[in-house]
Amino acid sequence: LIDGSPLTEELPITPDLNVGKVVDICNHFLSLRDPRQQYMGIFVYDLKHEDEADEGANPLADAEEDEDSGRVVKKTPRPLQNNDFLGDVVTVKVRQNQPFKFVFKRKIYLKSADEPSDDAGWESLMYYQAVDETIHGNIPLESEDEVALFAARCMVTDMGEDLGETEEEVAEAGAIEYVPFAWRERLDASEWVTRVCTALDKDDGELREEGHAEAQAAVIATAKDHPLYGTCFFNVRRKTFPDSMASFPEFITIALNSEGLHFLDDAKETLSPFGFADIYRWGGSSTQFSIILWNAEDDETEEVTFFTDQAADIASLILDYINAIMAAGDE
């Protein structure tokens, strides 16, 4: 699962075992009742070798140095299609001597159908994914107060009445682990603990009194309010951009969600958005991806090409979103 706990181990991988079947098995193991379970998926996370792990770094983010610029390009988790075979992934990773793991999490988010669920298991999965996305910076927080409130709500959700009241007890409970990576070095660990305790004790400990369900719902709701909620990211390097994108930096992030395709900068600010209706054609190779987009301002199509080794993942996710949106419109 996205929180690191194993859902199943030693699942036999037969030649005909595809992702769709495994998703069904996982949904059954978790006894999910929410119809949106069809949007769950399997992601491949490349891991660092044990002797390469850096303390404080994200151990799930592999990185490669770009040959031309020397800049490190972080690979993002690969979303598999339902008709992909897990055995093929295992074979490739073993041949590459690449440590990896399969992670079961939600792949498709339709903002038009993302109301709270009465399925407690589903809500727990959404909570853990919202926490993971926030901690890894995919849903940025804007201030130290927001970070402290986020961490405090997560601790109330995960520990409830077992959460201690003193700073020492909150620190021992792992408060720093709830602080997003991008924020951890901005203050000493002790200062973060103090801020988290301040959030917990504010208004006579109102947050502590919320309880598991209320705190969990607040974390999910805060994540949903962000435009990047439910987004998959791919880090790429520009190759051929039209004049309308001449000001874009060399390294950008491609973001895909139910609203379409978005070009983001390093701060995850949107440079240019395109709805799926504006995507005419797309395709790629093992090293680059090309897409034809409609430029409404100039009333013409433009071709955008960038370097990436995740072209197949981008192409398949675009198709998955289009199919999901069309299917939802038919229901």
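This is a short talk about the strands, the helices, the core and the cysteines of one structure.

Good morning, everyone. Before anything else, please keep in mind that what we are looking at is a predicted model.

Let me begin with strand 1, which covers residues 40–46 and in which seven of seven residues are buried. If you look at its two faces, Met-40, Ile-42, Val-44 and Asp-46 lie on one side, while Gly-41, Phe-43 and Tyr-45 lie on the other, and both sides are covered. Which strands does strand 1 pair with? Seven bridges join it, in antiparallel fashion, to strand 5, residues 100–106, and two bridges join it, again antiparallel, to strand 4, residues 78–79. To follow this on the screen, you can find Met-40 opposite Arg-106 in strand 5, Gly-41 opposite Lys-105 in strand 5, and Phe-43 opposite Pro-79 in strand 4. Taken together, the three strands make an open antiparallel sheet in the order 4-1-5, and strand 4 and strand 5 are its edge strands, each pairing on one side only. As a reminder for those new to this, strands of a sheet pair through backbone hydrogen bonds, either parallel or antiparallel.

Two helices lie across this sheet. Helix 2, residues 86–96, lies across strand 1, strand 4 and strand 5, and runs at about 145 degrees to strand 5. Helix 3, in turn, lies across strand 1 and strand 5, at about 120 degrees to strand 5.

Now let us turn to another group of strands, with strand 11 in the middle of the story. Strand 11 spans residues 288–295, and because six of its eight residues are buried, it is largely enclosed by the rest of the structure. With strand 10, residues 279–284, strand 11 pairs in the antiparallel sense over five bridges, and these two strands form a hairpin with three residues between them. With strand 12, residues 300–307, strand 11 is joined by eight bridges, and these two also run antiparallel. A useful residue to click on is Leu-293, which stands opposite Ile-279 of strand 10 and has Glu-302 of strand 12 as a bridge partner. The hairpin of strand 11 and strand 12 has four residues between the strands, and in that hairpin Asp-299 takes a positive phi near 60 degrees.

Next comes helix 4, which runs from residue 144 to residue 159, and here we can do a small check together. At 1.5 Å a residue, its 16 residues should span 22 Å, and since the end C-alpha atoms are 22 Å apart, the expectation and the model agree. Just after the helix, Gly-160 takes a positive phi of about 55 degrees. Among the buried residues of helix 4 are Val-147, Phe-150, Arg-153, Cys-154 and Met-155. What covers these buried residues? The cover includes helix 3, helix 5, helix 6 and helix 7, the last of these being residues 189–224.

Helix 7 is also where we find Glu-210, which counts as partly exposed because its relative accessible area is 24% and thus lies between the limits of 20% and 50%. Setting aside neighbours within four places in sequence, Glu-210 is in contact with Arg-153 and Ala-215; Arg-153, you will recall, is one of the buried residues of helix 4. For a sense of distance, Glu-210 and Pro-77 are 133 residues apart in sequence and 34 Å apart in space, taken from C-alpha to C-alpha.

That brings me to the core. In soluble globular proteins, nonpolar side chains tend to be buried together. In this model the largest nonpolar core has 83 residues, and those with the most contacts inside it are Val-170, Phe-263 and Phe-306. The largest share of this core, eleven residues, comes from helix 7.

Finally, how many disulfides does the structure hold? There are zero disulfides. Why is Cys-26 not bonded to Cys-232? Cys-232 has the closest cysteine sulfur to that of Cys-26, but the two sulfurs are 17 Å apart, which is too far for a bond. Cys-154 is in no disulfide either, since the nearest cysteine sulfur, in Cys-197, is 15 Å away and the cut-off is 2.5 Å. As for their surroundings, Cys-26 counts as buried because its relative accessibility is 4%, and Cys-154 counts as buried because its relative accessibility is 0%.

Thank you, and I am happy to take questions.

Key
Residues numbered from 1 in each chain as written. Predicted model: local features only at pLDDT ≥ 70, side-chain atom pairs only at ≥ 80, totals over all residues. Heavy atoms only, no water. Expected span 1.5 Å × (residues − 1). Buried < 20%, exposed > 50% of the residue type's maximum accessible area, 1.4 Å probe, protein only. Contact = heavy atoms within 4.5 Å. Core = buried A, V, L, I, M, F, W, Y, C linked by side-chain atoms within 4.5 Å. Pairing = 2+ DSSP bridges. Axes fitted to C-alpha atoms, helices over the stretch in contact; angles between N-to-C directions.
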